[in-house]
Amino acid sequence: MKTFTVLLCLIPYAGVLGFLQVQWLRCRLKDEYVWTNDEGHIETNNSYRDAVLQFENSGNSALLSESITFLVAASKVDMRKFVEGPVDQLQCDIHRYSKGMSRVRWPSLGGTGHDIWFTCTLRHTAGLFNITSFLRVTPATTMSAHQPDFLSWLTIGVKEQISASAVMVLMTRSPSVRVGLQEERTLHCQFAVDHKVPHLTVEWHLQRHGARRTKLFSYSSSSGQTEGSGVAVKGIAGGDASLTVPITKVSSEGTYVCSVRVPPLNGSVDIALHIIEPPNVSLTTKEEQIPRVVCEANGFYPLDVDIDLFKETSSGQRPEKLGNVLHSSHIQHHDGTHSVAAFVRLRPSPQDSGCETYSCRVSHVSLQGLYIHKSIIGPGCWTWIHLTLPGLVCLIFVIIFIAVTRQRFF
């Protein structure tokens, strides 16, 4: 399939009104030429070219005449209207959109069955939003009705000017979501079209890793039928197709796909939902023939966790990272979370005072680069106190007895 991709667009801007004043974006165009070889197979050839995406408020002629220019007409579904929040960097991708053999006409003014389609997607590199706009181009000539449309796409010249109209926008403000267990989360999906929609279909699917795609919700405006739950049907009429994920579980993790179909177009946005549950950390000593210091990390997700054990002395030296640390096997609980323990057997050296402090440091993706620290006094210290305390108490009583006796004697 023939595809155009625009990459790398940097736009400093302070709000929606500021972005609406943007006249053009300099882009890189990925051109994919498609043809049928002598054996009847489809082949493609890729090339990269400079291009400009220019909005109509800057005039009807190309501002940069040396580049390929997409002249996008003013529309109530102008993608710039949907950009919100502080934006420092955008990535813009333009792709050809194929209807295959379909020649269904877009119902708004000027639509024909032979229109050529593009999708233009603005992605915020910090993950604030993804916005996809469908662009309609009316060619000077009609395409064959007996072959897929991508075999009749126009060839774009070096300084070509392509007039296009934005007719539908699909977006999300939550392209990637991190959420803990037992929480409720709404996945944003919004759309807009340039005319009243007589036939509209909204669907949500969940794609789990290594599993088949599951349909979560569907709605058809023509039949009025609804399957599944999580989307407010009343909101769909206003362009809100957001899905509410109920109490989250480990099985809630995956890629959620919001699809909106307005014939002949079918658009979708992907939302990655990541379950992130931090560990509950404890540090204890085990009184055994050879004492142990045990650091446990319980109830975390996903699986990977790092545990380091340290020994601190009273001399004020830097804590020593222990290298003889052993780990238990991972335990997976019924809710999908994990637990693991790291421990060290205490074999005192001649330099040890018997009253060292041990600590553990736990790192996990849920902590976002931070650590959980726990400290405990070694069992040797408590043993020393236990052994000497009775003698100390006895000594105090002896001193008191002598003092009282001497006082009476004198």
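In this predicted model, cysteine 92 is buried, with a relative accessible area of 0%. Cysteine 92 takes part in no disulfide, and the nearest cysteine sulfur, which belongs to cysteine 120, lies 3.6 Å away. Because a disulfide is counted when two cysteine sulfur atoms are within 2.5 Å, this separation of 3.6 Å leaves cysteine 92 outside any such link. The description holds in the other direction as well, since cysteine 120 is in no disulfide and has the sulfur of cysteine 92 as its nearest cysteine sulfur, at 3.6 Å. Cysteine 120 is likewise buried, and its relative accessible area is 0%.

Two disulfides are present in the structure. One of them is formed by cysteine 189 and cysteine 258, whose sulfur atoms are 2.0 Å apart. The torsion about the S-S bond of this pair is about -75°, and the disulfide is therefore left-handed. The link connects distant parts of the chain, for cysteine 189 lies in the loop between β10 (185-187) and β11 (190-193), whereas cysteine 258 belongs to strand β16 (residues 254-262), and the two are 69 residues apart. Cysteine 189 has a relative accessibility of 0% and so counts as buried, and cysteine 258 is also buried, with a relative accessible area of 0%.

A disulfide also joins cysteine 295 to cysteine 360, with an S to S distance of 2.3 Å. Here the torsion about the S-S bond is 50°, and the link of cysteine 295 and cysteine 360 is right-handed. This pair, too, bridges distant parts of the chain: cysteine 295 is found in strand β19 (residues 292-300) and cysteine 360 in strand β25 (residues 357-363), 65 residues apart. Both ends of the link are shielded by the protein, as cysteine 295 is buried with a relative accessible area of 0%, and cysteine 360 is buried with a relative accessible area of 1%.

Attention may now be turned to the nonpolar interior. The largest nonpolar core has 37 residues, and those with the most contacts inside it are Leu53, Phe70, Leu122 and Ile131. At least two residues of this core are supplied by each of the strands β2 (24-36), β3 (42-55), β4 (68-73), β5 (90-97), β6 (116-124), β7 (130-137) and β8 (161-172). Strand β8 provides the largest share of the core, namely five residues. The surroundings of leucine 122 can be given in detail: when its neighbours within four places in sequence are left aside, leucine 122 is in contact with Phe19, Leu25, Met79, Val83, Leu90, Gln91, Cys92, Phe129, Asn130 and Ile131. Among these partners is Cys92, the buried cysteine with which this account began. A second core, separate from the largest one, consists of 36 residues and includes Met168, Leu265, Ile271 and Tyr301.

The chain as a whole completes the picture. The protein chain contains three helices and 26 strands, and of its 410 residues 42% count as buried. Among the contacts between residues at least 6 apart in sequence, 63% join residues that are at least 24 apart. The surface exposed by the protein chain amounts to about 22,500 Å², of which carbon and sulfur atoms supply 54%.

Terms used:
Residues numbered from 1 in each chain as written. Predicted model: local features only at pLDDT ≥ 70, side-chain atom pairs only at ≥ 80, totals over all residues. Heavy atoms only, no water. Helix = DSSP H or I, 4+ residues; strand = E, 2+ residues; numbered from the N terminus. Buried < 20%, exposed > 50% of the residue type's maximum accessible area, 1.4 Å probe, protein only. Core = buried A, V, L, I, M, F, W, Y, C linked by side-chain atoms within 4.5 Å. Contact = heavy atoms within 4.5 Å. Areas by Shrake-Rupley, 256 points an atom, 1.4 Å probe, with all protein chains shown as cover.
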